[in-house]
Each structure stands twice: as C-alpha cells, then as structure tokens.
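Please open the model in a viewer and keep the sequence panel visible. The tour below proceeds by selections, each followed by what is to be found there.

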Amino acid sequence: MFFTKNKKLGAAVIAALLATSSVWIAGCGSKPQAQHMGQQVKVMQVIQQDTPLYSEYAGQIAGKDEVKVQSKVSGNVVEKFVEGGQYVEVGQPLYRIDSRQYESAVLAAEATLAQAEATLGNAQTDLYRDQQLLADNAISEQTVTTQEANVNAYQAVADANAAQLRKAQQDLADTVIIAPMSGQLSVDDVAVGTFAAAGSTNLVTIGSSDPVYAQFSLSETEYLKAVNIQTANNGIQPHVTITLADGTVYPYEGQIVQADRALKSKTGTLTIKALFPNPEHLLLPGMFARVRLSGEMVPNALLVPQRAVQQLLGKSFVMIVGEDGKSAARTVELGDKIGSYYIIKSGIEPGDNVIVEGLSSLKEGMDLIITQVTPEDMGFSLAGDDTQFNDSEASPAEPSKS
C-alpha cells in the first residue's frame, strides 16, 4: 500500500516537474525570439544639398487700389444698378441721384444763355451798321468805340452763361454715378432712398482684386540683414512667397515693390509691400498670410526632419541605425529650421540613417526592424512645417552617455 501510494505521488511530482521545466524552456525560448524580432522603426537617410535659408513674417493682404465712391451732386438715391460684392468694370453705372432739380437747372441755363446770345447778336448788328456809317463819316469814331465795348461786354455775359449751362449739364450727368475703376464692390453699399451729400457721403467702396499687396514689417536688424544679403547677391531681390491661413502655399510668387521711407517710431519696424498676382481672386483684402523671403544659400547642408530631433537636459540628439543594425544616439548641434527640417551643424554624417518614427519606446542598442522611407512618404518638405505627430515627444529616448 505504501509503495503504491509512493508510486502515485512520484508520478505526480515528475509530471509537475516536467510541466515546470517546459514552461521554463518555453520562457527561455520566447525571450531570444522577442529580441530577435526587434523594434519596428521608420528610417530616412540624411539629406545633403544646397539649401536656401528663409525668413518668415506675419503679413496681411491689402488691395492695390481702393476708392470710396461719393456723389459729386447732392440728392436722394433713386436707383441702384448693382449689388454689394459685385465685380464691376470702369465706367459702369452704380447709382442714380434724383435728377429733377438738375434738369430744371439745365433748362434755366439754356434760357439765360439764349437771352444773352440774342442781346449779343443785336449788339453785333449795331456795331456792323456803325462801322459802315463811320466809313461814310456819318457818325463819330467814339460812337463806334462805345458800341465795340458793348459787344465785348455782351460777349462776356454770353460766355459766362454758356459756362453755367455746361456746369448744369455736368451736374445732370453726375446724377448717374459710375465706377471710377474696375474692381469688386464692398457689401456695405447704401440703399435706395439714402440722401447723398456731395463729396461727403460714401456710397460704396470699390477695390481692385488683381494684383494685391501682401504687407508685412521688418525690424531694424532684419532690414539691415536683408540689405546685406541683397548686396551679397549683386542686388538681386529675394524670392517672396506666402502661406495662407490653412497652411497652403500660394502658387504665385510675389515681388517687393514698396518700402516705407522710415521706421515706425512706436514699433521700430519698417513696412514692406510685396505685389502678388491674383487671377483667381483667391486673395481677399484683410486675409492673414505668412510672408517668406529667401535668404542666403547654405552649401551642402545636412538636413534632418524636425520630428527626428529629441531634446533632453538642454541637449539635442537623434537616433540613427548603427553599423551593427542597432539603434544608436548621436548628439547634434542644430542650425536653422527649414520647412520640415533642421540644418544640422555637427553630430551626424551624410550617409547616416535617422529614425523618424517608432521613437516612443526606443532605447539605445536595441535591435531594429527597419522600414526605409522617403520625404515624400512622410510628407516632409522644405516649403512647410511638419505638422504630423512627433511620437518622440511622448517619451524621449535616452542618448548614449559615452
């Protein structure tokens, strides 16, 4: 009985030991397998190329030409030929002012002129008769001289009345208000029935929409730097582009055309205007835009995506693929930001492969499962900032302490 029980107990112990050993063996086997799999990362080769530096400024779109339309004559608006926001051509009728009083003024001026011309005609007839009588010595020369003076006076009166008639006719013509330029109307146009005072009531604002200005300001230091760069480039003006509020880059390049004569006393900045074509009328006055000016060229610059750069204890570093295929940290010295990239002054070499994704739990010396990507794959460019999520910000990797 004892041996029978011991046999059963021994079998149970052996089974338990075998189960434990199998778990231990499986556990030992799984660890190397996990290490063999490694950390999945995306890597991109460091870019080396001549790279232009850019300066960006906050700017605002403004119309090149803008006119507040006013009436030259006073009266009530009795007719409106356009709607607010409409695009109009130069010379197109916009409003009509009540013209009844101006029609009456024309009729009165015509009558006055006709009377003056009749008086002038009679005086000229008398002068002609007196000149004939003088030739026959029938009247004195003084009588002819007096009649000549009368004719000149009547001529002056007729000329003045003719001028009054032209003024009345012009006032009548001015009751129809026309567009002084081609452009788009504002939406704050007045309604029919509004009394328009000559030269003071703003009926509507009209502004040109192509081309338009992008207006921005430079500090004194930035202005001097821009002058030095332009001098170094033999006077060639910088390339000017704008980025709109939604992040899109405007497809047309501009040109600096105006600079203020002095710095503003309160802000110490210089106002600059760049002119941009606007054939699709996409740019509207008042829109905000980032104005970018090209600067000096950095030859053979080393470029690394901003999302690959990590910060720790005041230092910057990147993780690269080491010669053994494992992750390795490199402390770098950062230069200027260019779009999605940093210019790297030191710390990496042109052939290095920089890890751009999978950094959140990455440590130095880890095995890697590498996916090679291009700037196009990741949406990186020199034209715009990288707005994609940088997973390295969640948990910075530890750089090498060596």
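Select Leu313, in the loop between β16 (310-312) and β17 (315-321). The model is a predicted one, and in it Leu313 has a positive phi of about 55° although it is not a glycine. Is Leu313 buried or exposed? With a relative accessible area of 83%, Leu313 is exposed, because the term applies to values over 50%.

Move next to Asn300, which is found in strand β15. Here, too, a residue other than glycine has a positive phi, with a value near 50°. Most residues other than glycine have a negative phi, and most peptide bonds are trans.

For the second part of that statement, select Asp210 and Pro211. The peptide bond from Asp210 to Pro211 is cis, and its omega is near 5°. Pro211 belongs to the loop between β10 and β11.

Now select Thr201, in the loop between β9 and β10 (202-207). Thr201 counts as buried because its relative accessibility is 18%, and the cut-off for that term is under 20%. Display the side chain of Thr201 together with the backbone of Ala197: a polar atom of that side chain lies 2.9 Å from the backbone nitrogen of Ala197.

From Ala197, step back to Ala196 in β9, which stands opposite Gly75. Strand β4 (residues 75-80) pairs with β9 in the antiparallel sense, over 2 bridges. To see the wider arrangement, colour β7, β6, β4 and β9, which in this order make up an open sheet of 4 strands with antiparallel pairing. Which strands form the edges? They are β7 (176-178) and β9 (195-196), each of which pairs on one side only.

The next stop concerns aromatic side chains. In the whole structure, a search finds 4 aromatic pairs. For one of them, select Tyr250 and Phe276: the ring centres are 6.3 Å apart and the planes stand at 70°, so the pair is edge-to-face. The cut-off for that description is an angle over 60 degrees. The pair links distant parts of the chain, 26 residues apart. Tyr250 lies in the loop between β12 (240-244) and β13, while Phe276 lies in strand β14 (residues 269-276). Both Tyr250 and Phe276 are buried. Add Tyr252 to the selection, since Tyr250, Tyr252 and Phe276 form one aromatic cluster.

The tour ends at the largest pocket, which holds about 610 Å³ of space. To find it, select Ala226, Ile229, Pro238, Leu293 and Ser294; of the 27 residues that line the largest pocket, these lie nearest its centre. Several elements give two or more residues to the lining: β2 (47-63), β11 (212-219), α4 (220-232), β13 (255-259), β15 (288-305) and β18 (327-338). Which element provides the largest share of the lining? That share, 7 residues, comes from α4. Finally, colour the lining of the largest pocket by residue class: 15 residues are nonpolar, 7 polar and 5 charged.

Note on methods: Residues numbered from 1 in each chain as written. Predicted model: local features only at pLDDT ≥ 70, side-chain atom pairs only at ≥ 80, totals over all residues. Heavy atoms only, no water. 1 Å grid on protein atoms, 1.4 Å probe; cavity = no way out; pocket = protein on both sides within 12 Å on 5 of 7 lines; lining within 4 Å. Points joined across faces, edges and corners; volume = space filled by probe spheres on them. Nonpolar A, V, L, I, M, F, W, Y, C, P; charged D, E, K, R; others polar. Pairing = 2+ DSSP bridges. Phe/Tyr/Trp six-rings, centres within 6.5 Å; stacked < 30°, edge-to-face > 60°. Buried < 20%, exposed > 50% of the residue type's maximum accessible area, 1.4 Å probe, protein only. Polar contact = N/O pair within 3.5 Å; in protein donor to acceptor, adjacent residues only side chain to side chain.
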